[in-house]
Structure formats: C-alpha cells, structure tokens
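With the structure open in your viewer, please follow this tour of aromatic side chains and select the residues as they are named.

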Amino acid sequence: MTTARNRQLMPSLLALFLSLCGCGPRPVAEAPPDTEGQTTPMTAPASPASEVMDRQEPAKPADPFAPFPVRSQLEVPLPDRLFAGGFERRGGGTAPVNTEEEDRDFFTDPAFDKEKNTGRLFSTEVSLFNRYEPKLPERSVAFICWRPLSADSPAPGATIAQLLPWREGYSIYEVTTDGKQLLVQFEPAYGTSNPGRPLDIYVWKGDTHGNGRFVPKGNKPFPKIAAVSPSDAESERQRGFDAITAQKYSEAVEAFEAAIKRKPNDAAAHYGLGLAYIGPGQPAGSEDARKAIAAFTKAVALDPKRADAWRERSVLYWSEKQYDKAISDTSKVIDLEPKEAQGYIRKAQFLAESGALEKAIATVQTATRLGPEEREYWEILALFQYRAGHYDEALKSTDRALDQDDSRNVSRLVRAYIYARRDQTEKALGQIKEAYDNGIAYSEREDGAKEIRKALRAQPKSAALNALYRAVCRNDSFAEE
C-alpha cells in the first residue's frame with residue numbers, strides 16, 4: 001500500500017532524468033461534511049470551480065472542503081488562509097494512493113476501468129513553516145486528487161482536488177486506503193511525551209465515476225499534546241536541516257556533527273550529514289562525496305527503513321561508477337516503497353546506462369502502471385525501447401505521452417529517430433518541425449544531434465538521417481562525442 005510521507009529535500013526526478021537520459025467539474029451538491037472534531041473551516045481556495053458555477057443561483061457560504069478542478073495533482077493551489085500569520089511553503093510532494101487489488105482503482109468498477117478511465121487517487125501533501133516564529137511546528141496539509149471518468153466532464157482531462165482538514169500541532173505521517181476508506185494518519189509535529197499516531201477516516205460519497213466527494217467518518221478531536229523541549233541533539237539536527245535549506249552547507253556539516261556527538265545513533269543526523277556533504281552537488285571522486293557515502297551508509301545501518309538514505313547513496317554510487325551498488329540501492333528503495341513509481345524510474349535509468357536495456361524497459365513499465373498519467377514515464381520508456389530497437393513499441397509509448405501533452409519534444413525526437421531509421425524522411429522532418437514549433441531547447445537539439453550521429457555511423461549513406469541531422473542542428477554546431 002502506498003504511503004506518502006513528509007520527507008526533507010527529496011532529489012528532483014526531472015534533474016535525474018535530464019542528467020541520465022539527456023534528454024472542472026462543478027462542485028457536487030452533497031451534504032456538507034461531518035466536521036465533528038475538525039478544525040475551523042478556512043475560506044475556499046481560489047479555483048476554476050467558481051467559473052463553472054451557475055451564477056443565477058443564490059449565493060451560499062463557501063465550502064472550503066468542496067472538490068474543485070486543477071490542471072494536475074502537481075499544481076494544486078493553496079488557499080490564501082493557509083498563509084496567514086507568516087506561514088510559507090517549505091516543500092511538498094505527490095504520490096499515488098492505490099488499493100492492493102490488481103487492475104482496480106478506488107472508485108472504478110472493473111467495467112469502467114478501461115483505457116483513459118481511472119479512479120486513481122493521489123495524495124498531495126504540503127508543509128508550511130512560519131518565517132516569523134520559526135519555533136512553531138510546521139503546518140501539514142493534504143489534498144486528495146482524482147481524475148474524472150465521465151467523458152462529458154465540464155473540464156475534460158482535469159484533475160479534481162479536495163482539501164482535507166488539517167490538525168494543528170500534527171503532521172501527516174501517511175495517506176493510505178483499504179479500497180473502501182481513505183486513511184490519513186498523523187504524528188505530533190514536535191517532541192511530545194505522547195508520541196501516538198491518530199487517524200482520520202474518510203469515505204466516498206458519490207458514484208463509481210468519480211463524481212462526489214470524501215466525507216469524514218466520525219472523526220473525533222485529537223489528543224492535545226504537550227510539547228517537550230527538544231534535546232541538544234535534536235536542536236543541532238534541526239539547525240543542520242535549516243542550514244541546508246539556506247544553502248549554508250559548512251554550517252550544516254558543523255551542526256550535524258554536533259548532533260551526532262551528542263547522540264551517535266541518530267540515523268536522521270547521519271542522513272542530514274550526508275546531504276550537507278553533497279551540498280549543491282559534489283563531483284565524482286571528491287572527498288566530500290566519499291564522506292557523504294559514509295554518512296548515508298551509517299544512516300541505513302542504524303535505520304534500514306530510511307528509503308531517503310538508500311536513494312541518495314544510490315546516486316553517489318553511480319557517480320563513483322560503482323554501478324552494481326547503485327542498482328542494489330535502488331532495489332532496496334523499491335522494497336521499502338513498492339508503490340512509488342519514482343523508485344522504478346531511477347532503477348530503470350541506472351539499468352539502461354549500464355547496458356541492461358531489456359531489464360530497464362521491464363522496470364520502467366512497472367512505473368507506467370503505477371503512474372499511467374505521468375507523461376515523462378512514457379517518454380523514458382519510449383527512449384529505452386528505441387535504443388533497444390523496439391520501434392513499434394516505442395511509437396506506442398510516444399503516443400501515450402503525446403496524448404497527454406502534444407508539446408513533448410523528447411517524444412517528437414524519438415519518433416523522428418525511428419522514422420529516419422526506416423527511411424521515412426518526410427515523417428521524420430515533420431516531427432522535427434513540430435518540435436521547433438513547440439520551442440525545442442538547445443539541450444534537446446544537442447541530444448538529438450548526438451543520437452542521429454550514432455545512427456549515421458551505422459548507416460553513413462542514409463539520406464534520411466543526413467537530412468534529419470541538418471534539420472536538428474540547423475545553424476548550430478554541436479561538439480562530437
């Protein structure tokens with residue numbers, strides 16, 4: 001079952017992809033949610049939902065927890081009320097929340113779970129800190145997002161989001177589902193003598209097509225927690241993470257070393273020390289990179305369930321050309337987070353770069369099953385399939401990416417490579433023209449030129465490839481590999 005934990009400083013998937021590959025519906029008029037035990041409602045988030053409401057209806061009090069359409073689960077707007085009193089966004093993330101049943105998502109009856117219809121849930125979590133009172137605990141909020149299933153939706157293709165009530169003094173620990181209920185587990189946001197993990201439960205009130213909303217199921221007030229003063233080790237550890245956020249890496253190293261001196265078995269402090277040594281990115285072979293590996297190694301030895309430490313160490317191992325260790329670490333991440341698609345993507349990229357293309361293809365296919373709406377996953381799959389010579393399969397994968405976003409230049413370039421290999425010059429040049437019309441980036445053109453040069457070495461007399469090479473390069477000159 002998928003979890004969506006608050007994590008600090010998650011590495012960017014997009015950055016990894018670039019470095020390795022180069023490359024609304026109307027709010028449902030349901031009864032208001034049972035707010036027993038919940039916090040005071042906020043003002044409603046500014047959203048496109050207001051644009052589709054019948055303006056002839058009498059004005060009603062805004063429901064801050066009403067579903068509303070957004071472009072994607074990665075772009076959920078936060079209500080202004082959340083920022084009152086000096087709160088600012090610190091970070092956040094989105095992860096799928098699926099059932100353990102195969103081929104069935106939260107809403108859908110198997111009869112409806114076809115093609116683009118999906119009742120897949122996503123948990124979008126955001127952490128807010130107070131810049132005026134940094135000692136206040138972070139405010140942790142979550143949105144549940146899903147995609148509409150009906151073709152006649154007022155906002156076809158949009159994602160629907162619903163804000164869930166937050167709990168002051170508590171942070172979201174994980175969001176899961178048993179296929180019938182949505183389970184939101186919290187933990188104290190700061191040190192306490194009662195470190196319990198209370199639960200909010202929501203049930204779906206609506207149809208199997210995703211029309212409806214989540215309502216609380218008898219949620220009660222959480223226990224009041226009395227904060228205890230953090231230990232010296234915890235204070236130093238927090239100082240270290242704050243220094244990393246401020247990009248003061250030397251100060252962060254000092255703080256984490258002080259925390260470890262006071263509490264040697266603090267896995268979080270060793271993990272933070274590894275992040276501090278990495279800083280903005282240490283070159284392979286550097287002393288700091290080796291120190292970071294040692295810190296992450298200590299962190300996983302103390303706490304083998306720290307997926308973040310396994311993940312960071314895998315990247316460092318790869319930069320140190322310790323490929324088997326890097327792939328092994330990504331496997332450990334997948335074992336700990338089997339429903340997180342990003343772990344499969346990272347492992348697939350490592351496998352592909354090591355030459356194991358067929359294994360990479362199988363691994364990234366798992367990611368596309370977990371996140372079929374993520375166009376980047378389909379592009380990565382298409383690129384690997386192209387490199388393995390599976391051209392028909394690669395074209396199908398680019399179709400999936402372009403169906404979701406027809407401006408995807410990587411997909412256009414992959415299609416151009418395939419058409420050129422098949423001596424379909426006009427089709428290849430047509431894809432290049434589409435890419436230029438979309439605003440192809442210099443780096444994408446450079447990567448495209450490199451890929452076509454590889455093909456020219458194999459087929460030096462190919463008129464199609466020579467024409468494609470000139471079209472990609474135009475007036476720029478790209479250095480030979």
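## Aromatic rings, stop by stop

Begin by selecting Phe 256, which has a relative accessible area of 0% and is therefore buried, given that the term applies under 20%. Bear in mind throughout that this is a predicted model.

Add Phe 241 to the selection: its relative accessibility is 4%, so this residue also counts as buried. The two rings form an aromatic pair of the edge-to-face kind, with 5.0 Å from centre to centre and 80° between the planes. If you now colour by secondary structure, you will find Phe 241 in helix α3 and Phe 256 in helix α4, which spans residues 249-262, and the pair thus links parts of the chain that are distant, 15 residues apart.

The structure as a whole holds 12 aromatic pairs. For another of them, select Tyr 170 and Phe 222, whose ring centres are 5.1 Å apart and whose planes meet at 75°, so that this pair is edge-to-face. Tyr 170 belongs to strand β6 (residues 170-177), whereas Phe 222 sits in the loop between β9 (212-216) and α3 (232-245), so the contact ties together parts that are 52 residues apart in sequence. Tyr 170 and Phe 222 are both buried.

Keep Phe 222 in view and add Arg 167, which lies over the face of that ring, at 3.8 Å from the ring centre. A further arrangement of this kind appears on selecting Arg 197 and Tyr 173, where the arginine lies over the face of the tyrosine ring at 3.7 Å from its centre.

Finally, select Trp 146, Trp 204 and Phe 214, which ring pairs link into a cluster.

Conventions:
Residues are numbered from 1 along each chain as its sequence is written. This is a predicted model: local features need pLDDT of at least 70, side-chain atom pairs count only at pLDDT 80 or more; totals for chains, interfaces and linings use all residues. Side-chain values use heavy atoms; hydrogens and water are left out. Rings of Phe, Tyr and Trp (its six-membered ring) pair if their centres lie within 6.5 Å; planes under 30 degrees apart count as stacked, over 60 as edge-to-face and the rest as tilted. Helices (H or I, at least four residues) and strands (E, at least two) are DSSP runs, numbered from the N terminus. Buried means under 20% relative accessible area, exposed over 50%, partly exposed in between (1.4 Å probe, protein chains only). A charge sits over a ring if NZ of Lys or CZ of Arg is within 6 Å of the ring centre and within 35 degrees of the ring normal.
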